[in-house]
Protein chains: 2
Amino acid sequence: MSKPSLPRGTRDFGPEQMVKRTFILTTIRSTFQRFGFQPLETPTLENLSVLMGKYGDEGDQLLFKVLNSGDFAGKLTPEDWTADSKQITTKIAEKGLRYDLTVPFARYVVMNRGTLPFPFKRFQIQPVWRADRPQKGRYREFYQCDADVVGTDSLLCEAEIVLMLHESLRALGIADFTVKINNRKILTGIAETIGAAGMEGPLCVAIDKLDKIGKEKVIQELHERGFTPENTQKLDPIFNLSTEEQPFDLLRNWLADSEIGRKGLDELEEIWTLVEGFGLNSPQMQFDVTLARGLSYYTGAIFEVKANGVQIGSISGGGRYDNLTGTFGVPGLSGVGISLGVDRIYDVMEELNLFPENQSITTHLMLTNFDREAELYGLKIVKAAREAGLNTEMYPDAVKLKKQLDYADRKQIPFVLLIGSSEIETGLLTLKNMKTGEQTKASVNEILKLVKAYLEPQINI
Amino acid sequence: MSKPSLPRGTRDFGPEQMVKRTFILTTIRSTFQRFGFQPLETPTLENLSVLMGKYGDEGDQLLFKVLNSGDFAGKLTPEDWTADSKQITTKIAEKGLRYDLTVPFARYVVMNRGTLPFPFKRFQIQPVWRADRPQKGRYREFYQCDADVVGTDSLLCEAEIVLMLHESLRALGIADFTVKINNRKILTGIAETIGAAGMEGPLCVAIDKLDKIGKEKVIQELHERGFTPENTQKLDPIFNLSTEEQPFDLLRNWLADSEIGRKGLDELEEIWTLVEGFGLNSPQMQFDVTLARGLSYYTGAIFEVKANGVQIGSISGGGRYDNLTGTFGVPGLSGVGISLGVDRIYDVMEELNLFPENQSITTHLMLTNFDREAELYGLKIVKAAREAGLNTEMYPDAVKLKKQLDYADRKQIPFVLLIGSSEIETGLLTLKNMKTGEQTKASVNEILKLVKAYLEPQINI
């Protein structure tokens with residue numbers, strides 16, 4: 001007999017959280033589908049041969065590995081035992097848990113490329129696992145919502161992603177957000193232009209901190225990272241960009257001599273043109289030349305979404321990658337995608353109080369249970385209420401009324417139908433509004449109409 | 001570079017399967033909610049201290065165990081190395097994958113019993129993992145859909161389960177099924193009555209085979225299992241039961257001297273009475289005195305559902321258990337529940353061709369992409385179509401029309417909107433019905449109306 005507990009970094013989602021999470025996931029799912037993305041689910045268990053080497057050394061360590069079944073130890077030699085954990089792992093674990101949705105997607109595309117319609121647009125909403133140190137807002141098991149298009153380099157896909165981000169967030173009620181956009185090619189062009197070609201990686205890491213540490217310290221850090229004073233001097237225009245709204249013109253001049261930089265700016269402007277072409281109402285897009293998001297991965301557009309007015313990191317990120325499936329032997333498939341962070345979105349919505357009212361209601365109507373006669377009388381009413389679309393239950397035991405009403409309260413059931421001998425005699429039942437305490441006497445049909453009318457504006461029955 | 005593969009016994013669910021699976025899960029979920037069950041999700045990762053010892057020795061072996069992070073091997077002594085796999089496992093793996101939804105539910109109830117409304121009605125739809133030998137229809141990663149009530153022994157819960165099974169299966173379109181019901185107490189009573197008290201376990205294993213191997217061989221097996229000829233002679237009434245519709249009367253006489261047997265019959269009859277009280281249309285219930293389902297677990301009602309007309313095992317099973325949380329130190333909580341097998345239900349529906357038509361349609365309308373002008377012209381139409389509730393996409397590249405139509409075909413998109421220079425000039429667009437090949441010229445608004453009118457009877461837009 002043990003006192004049970006949860007593994008660190010994992011969570012139960014009870015009814016109240018589930019209803020809110022379902023609201024988020026359903027909204028995102030239906031938006032993705034409205035944009036022509038099709039659903040995909042891949043298994044939790046993947047072969048480690050598929051996962052290892054895809055997320056860098058740190059990623060390999062953060063993968064949860066599953067012990068082989070059966071007598072795994074019997075197959076090991078004494079030398080194996082004295083090796084280090086990493087080496088033994090490969091001998092006793094062949095499978096691991098999904099670390100993100102991108103690598104399984106790439107595997108799926110490669111394994112099914114003969115039958116998939118290309119460009120292939122898929123969305124995927126599933127949990128992922130990382131053996132990270134758990135901390136506030138960071139879990140070892142958490143959900144990702146990804147949408148990707150693979151098999152085309154059309155910038156229409158980027159514009160669609162911008163639109164889709166606007167529509168999903170607005171549908172969730174998150175009105176104040178910023179979709180930050182950059183392009184890897186612009187970063188490459190800047191590195192070229194300042195005479196530090198190929199060094200866009202460390203450049204971005206430092207520039208990313210501009211808001212926090214200021215120009216002087218960024219320059220200091222760049223010098224520490226191997227940039228020369230000549231490089232950083234040429235970087236001056238970037239420090240004037242942050243105050244500009246959409247600094248296309250400034251960058252056009254600055255990067256005039258870099259072909260790849262100009263290409264990046266062309267791509268970026270085309271996204272703006274297409275979004276405008278859609279007629280999107282009040283676009284909340286911002287060109288952020290310091291946006292990099294890991295960088296090594298992306299080859300074109302880079303996206304990040306921040307909810308304004310809350311101290312919570314980015315709620316979405318993504319971009320274009322030109323070689324998604326190359327690691328599985330199928331080169332040349334360009335893709336672009338976006339990932340929404342359900343946990344962060346949940347936190348934003350909680351903090352801003354954005355969940356629709358009554359979201360935590362799961363049962364609409366409860367019938368009390370006075371005695372055997374009332375129980376049998378009530379059963380057909382339960383059935384009729386359900387047929388009318390109401391989530392309905394009868395309290396299962398004929399215990400004290402107070403206990404039954406207390407149950408309805410704790411479950412946030414808005415209406416209780418009281419049935420006793422006088423109600424059975426007259427056919428007029430007593431409906432109690434649990435919020436106001438108000439009681440109404442009426443026939444079954446009238447009561448069902450009343451409850452529906454009350455709930456319909458708030459709940460989609 | 002490796003050729004990627006899936007672990008044995010796992011599956012990808014591509015768009016077509018996903019849409020069908022979503023139909024099943026959504027139908028079951030909304031039925032469960034209509035009956036007042038609330039959603040719960042528990043983590044995939046559970047501590048092995050929670051999971052081990054709950055599923056018997058075989059179950060312990062079938063648990064997927066997750067290797068501890070970090071330098072797990074460094075903490076082992078040379079003695080550990082020479083131990084067998086089982087002993088080493090406990091030292092290098094603290095976590096495992098969820099094996100079913102019942103034990104995590106029990107853990108959740110124990111950990112949250114101070115705040116939950118009792119009786120607590122929860123449903124849970126999540127995958128589970130078993131390191132079983134994969135074979136046709138048996139996977140290592142598969143979904144379960146469970147609904148349980150815990151904290152009451154009211155037989156109303158059993159009747160609700162019978163009703164809920166009828167409503168979910170009928171909502172799925174599975175019309176011909178049988179809900180088989182038995183009661184553990186009746187089996188105990190039979191063992192008592194034939195002078196073999198406590199031997200209901202082996203009794204059921206043998207009797208369960210009656211249909212397959214016949215009376216003589218069942219008796220032979222019972223003798224092998226330690227029953228005396230006197231026991232089996234007294235068992236005679238059971239062989240006459242199988243032809244009876246609802247053999248309550250026969251059993252009443254036979255088990256008259258067994259208190260527990262009579263109790264079991266009372267409980268069973270009460271379920272029938274309550275189901276009748278609900279006014280369920282044409283109940284498809286059958287009392288099956290040979291139904292046992294593992295037995296050790298259940299203490300009252302036992303349920304099993306078989307879809308008729310297909311060679312597929314049971315699609316649902318469940319029953320009452322009086323000590324769900326006892327193993328975690330909280331005795332006395334009685335519960336009753338049901339589990340629906342999504343994979344089996346999927347197979348039944350495929351075999352009987354029960355999935356609604358057009359279930360695999362995910363995009364309703366595609367706009368072709370002729371050239372830059374048509375692309376920009378089309379963007380606002382895409383937006384308008386989505387606002388009208390249609391899942392809509394524009395082909396992202398201005399490639400040959402044949403390729404674009406081929407894409408629409410492969411994705412089973414029912415309507416394609418063709419936009420060229422003449423369409424832009426006149427404002428009359430060409431809508432192509434991809435099934436019939438028929439083309440219609442009309443304005444945007446008319447076209448959106450046409451597509452909606454065509455789809456609405458079949459698809460809930």
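Modeller: Before we start, copies here are superposed by least squares on the C-alpha atoms of residues with pLDDT of at least 70 in both. This is a predicted model, where local features need pLDDT of at least 70, side-chain atom pairs count only at pLDDT 80 or more, and totals for chains, interfaces and linings use all residues. Residues are numbered from 1 along each chain as its sequence is written, chains are lettered from A and ligands numbered from 1 in the order in which they are written, and side-chain values use heavy atoms, with hydrogens and water left out.

Colleague: Thanks! What relation do the turn and shift between chain A and chain B give?

Modeller: Two copies of a chain are related by a rotation about an axis and a shift along it. Here a turn of 180° with a shift of 0.0 Å along the axis lays chain A on chain B at an RMSD of 0.1 Å. That is therefore the relation of a two-fold axis.

Colleague: Which residue of chain A comes closest to the rotation axis?

Modeller: Going by C-alpha positions, the distance to the axis is 2.2 Å for the closest residue of chain A. That residue is Val66(A).

Colleague: How far apart are the centres of domain 1 and domain 2 of chain A?

Modeller: An automatic or database domain assignment supplies the bounds: domain 1 of chain A covers 15-63 + 99-351, and domain 2 covers 362-455. Taken over C-alpha atoms, their centres are separated by 51 Å.

Colleague: Lovely. Which residues of H7(B) meet H1(B)?

Modeller: Contact means heavy atoms within 4.5 Å. From H1(B), the residues involved include Phe23(B), Ile24(B) and Arg34(B). Their partners in H7(B) are Met164(B), Glu167(B), Ser168(B), Ala171(B) and Leu172(B).

Conventions. Helix = DSSP H or I, 4+ residues; strand = E, 2+ residues; numbered from the N terminus.
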